[in-house]
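Visitor: I should like a close look at a single part of this protein, namely the ligand site and the elements that frame it. Please take me through it in one connected account.

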Amino acid sequence: MTDKIAPHDGKLLILTPGMGAVATTFIAGCESVRRGLSRPIGSLTQMQTIRLGKRSESRQPLIRDVVPLAPMSDLVFGGWDLFPDNAYEAAVRADVLDHKTLAPLEDFLSGIKPMSAAFNRDYVKRLDGPNVKKLPSKRALAEALREDIRNKISESGASRAVMVWCGSTEVHLTARSCHQSIEAFEKGLDDSDPGISPSQLYAYAAIKEGVPYANGAPNLSADFPALEDLAREHGVPIAGKDFKTGQTLMKTILAPGFKARMLGIAGWFSTNILGNRDGEVLDDPDSFRAKEVTKSGCLDSILEPQSYPELYEDLYHKVRINYYPPRGDAKEGWDNIDIFGWMGYPMQIKVDFLCRDSILAAPIVLDLALFMDLAKRSKLSGIQEWLSFYFKSPHVAQGHVTEHDLFIQHMRLKNTLRVLTGNEPITHLSESFAGDPA
Ligand SMILES: NC(=O)c1ccc[n+]([C@@H]2O[C@H](COP(=O)([O-])OP(=O)(O)OC[C@H]3O[C@@H](n4cnc5c(N)ncnc54)[C@H](O)[C@@H]3O)[C@@H](O)[C@H]2O)c1
């Protein structure tokens, strides 16, 4: 099928609504890698290999050597933020990367200035900034974003673009009537319906411009029928939501293991302290609610308590996020897991993850951007469930079951790449049968 994938040519513009800790760590990292100053650790598109054929054939090339992805040398960057700081100033403020890392990149990062944001404090209560569009309706804002996309593509000399939402977590919203069809959504734009948040305006603008859209935050953004239909209609890939980084990454690594070994779980208590701007935004109960929902869903789906009631039906799962400014981006996440084994005897596991949120998120932004661009060139449109690997709360089609198990997600991602490049998917089954070497 490789010949069915439109080739990469020219430059790929990566647009990020939000140019805070995650976006600037991502951009700085890409440039640092391009200059040979760092390694793209954590990125599948840059570092992972993919087995093709049987194990005995020893064919294990790098993903990027088999899959026609845009190379890092051809990436250009742009974004929006309500704060006018350029990417260098924003990175210094975010305080994820130290002076030694940022200083050699200052010339490059200073040249990336945010476009004015479509922003409304009703949706992110803890923030206020001057670099915002002042227009009379949501329709006008969406049209202005579309124009920004077109201008940025031509100004940067790119042949195409992808968009990854790296903006703040908006308040928790659920889909309502304005989200049920394209017509209802467009009427909602004309009426400035309160159900339509700024991130939905960016998603709409991206889709209308043929630009793939991935949502890195937990808010309702493209995960409702109107934008799902619009994405299919315009042949545009969409994906979400909420980057799977620290604690949820750990959870979706550990829980499948407990279940595979038929160990019971009585309780899973997760608490975090974090002090970056994201933590400040999440200190607002409405934004926290959006995060709580995406963080809480994974265990039920992995453990299937309906199939194993005596092991998981009474599991008490609690997630807390505490804003604690001294920590900045260096989050600490504690998990206390009460498990039980043979004859019901209890045991405890404690996980103390001293992580760096944006260091974990940056390679996800890169991989999503490159894979979403690949999806578009492969004519895959609508929801990209094969990219569930990267999300806390994967966006799936109505009626589909969400897969949270990191290992199943990983296999699915790689098999999709195998099929896209005309290779056989790998089931690992042949390894079990003598006479058919794996
Ligand atoms: N860091 C992680 O590990 C991680 C994991 C999962 C999800 N996320 C999500 O990614 C997002 C970014 O995280 P971060 O740490 O970079 O936060 P951040 O606060 O440093 O950056 C977010 C930026 O978005 C801007 N913004 C908010 N609304 C906007 C709008 N409507 N238009 C344009 N800009 C807007 C803010 O001004 C801010 O600069 C958050 O929603 C966070 O919840 C982060």
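Guide: In this predicted model, a convenient point of entry is helix 7, residues 138-156, which lies across strand 1, strand 2 and strand 3 (158-165) and runs at about 140 degrees to strand 1. These strands belong to an open sheet of six, ordered 2-1-3-4-5-10, in which the pairing is parallel. Strand 2 (75-80) and strand 10 (382-383) each have a single partner strand and stand at the edges, so one side of each is left without a neighbour in the sheet. Strand 1, residues 11-17, is joined to strand 2 by six bridges in the parallel sense; within this pairing, Leu-12 has Leu-75 of strand 2 as its bridge partner.

The ligand itself is surrounded by 36 residues, of which Gly-18, Gly-20, Val-22, Ala-217 and Arg-277 come nearest. Helix 1 (21-34), helix 12 (277-282) and helix 16 (357-377) are the elements that give two or more residues to this shell. Helix 16 gives the most, with four residues. By class, the shell has 21 nonpolar, ten polar and five charged residues.

Helix 1 also packs against helix 4, residues 87-94, at an angle of about 115 degrees, with the two axes 9 Å apart. Their crossing is left-handed. On the side of helix 1, the contact is made by Ala-21, Thr-24, Ile-27 and Ala-28, and on the side of helix 4 by Ala-87, Ala-90, Ala-91 and Ala-94. By class, this contact has seven nonpolar residues, one polar residue and no charged residues.

The site must also be placed within the domain arrangement. The domain assignment gives domain 1 as 2-243 + 358-420 and domain 2 as 247-354, and the shell around the ligand draws at least three residues from each of them. The C-alpha centres of the two domains lie 26 Å apart. Where they meet, 26 residues of domain 1 are in contact with 26 residues of domain 2. The side of domain 1 that touches domain 2 has nine nonpolar, nine polar and eight charged residues.

A second open sheet has four strands in the order 7-6-8-9, with mixed pairing. Here strand 7 (316-323) and strand 9 are the edge strands, each with a single partner strand, so one side of each is left without a neighbour in the sheet. From one strand to the next, the twist averages 10 degrees. Strand 6, residues 264-274, pairs with strand 8, residues 332-340, in the antiparallel sense over nine bridges. In that pairing, Gly-267 stands opposite Asp-338 of strand 8, and Phe-269 has Asn-336 as its bridge partner.

Strand 8 is likewise joined by nine bridges to strand 9, residues 346-354, and these two strands run antiparallel; Trp-334 stands opposite Asp-352 in strand 9. Strand 8 and strand 9 form a hairpin with five residues between them, and in the turn Met-343 has a positive phi of about 65 degrees. Finally, helix 11, residues 246-260, lies across strand 6, strand 8 and strand 9, running at about 20 degrees to strand 8.

Definitions and conventions:
Residues are numbered from 1 along each chain as its sequence is written. This is a predicted model: local features need pLDDT of at least 70, side-chain atom pairs count only at pLDDT 80 or more; totals for chains, interfaces and linings use all residues. Domain bounds come from an automatic or database domain assignment. Two residues are in contact if their C-beta atoms, placed from the backbone, lie within 7 Å. Ala, Val, Leu, Ile, Met, Phe, Trp, Tyr, Cys and Pro count as nonpolar, Asp, Glu, Lys and Arg as charged, and the others, Gly among them, as polar. Two strands pair if DSSP finds at least two bridges between them. Axes are lines fitted to C-alpha atoms, for helices over the stretch in contact, and angles run from 0 to 180 degrees between N-to-C directions. A residue is near a molecule or strand if its C-beta atom, placed from the backbone, lies within 6 Å of it. A crossing is left-handed if the near helix is turned anticlockwise from the far one by less than a right angle, and right-handed if clockwise.
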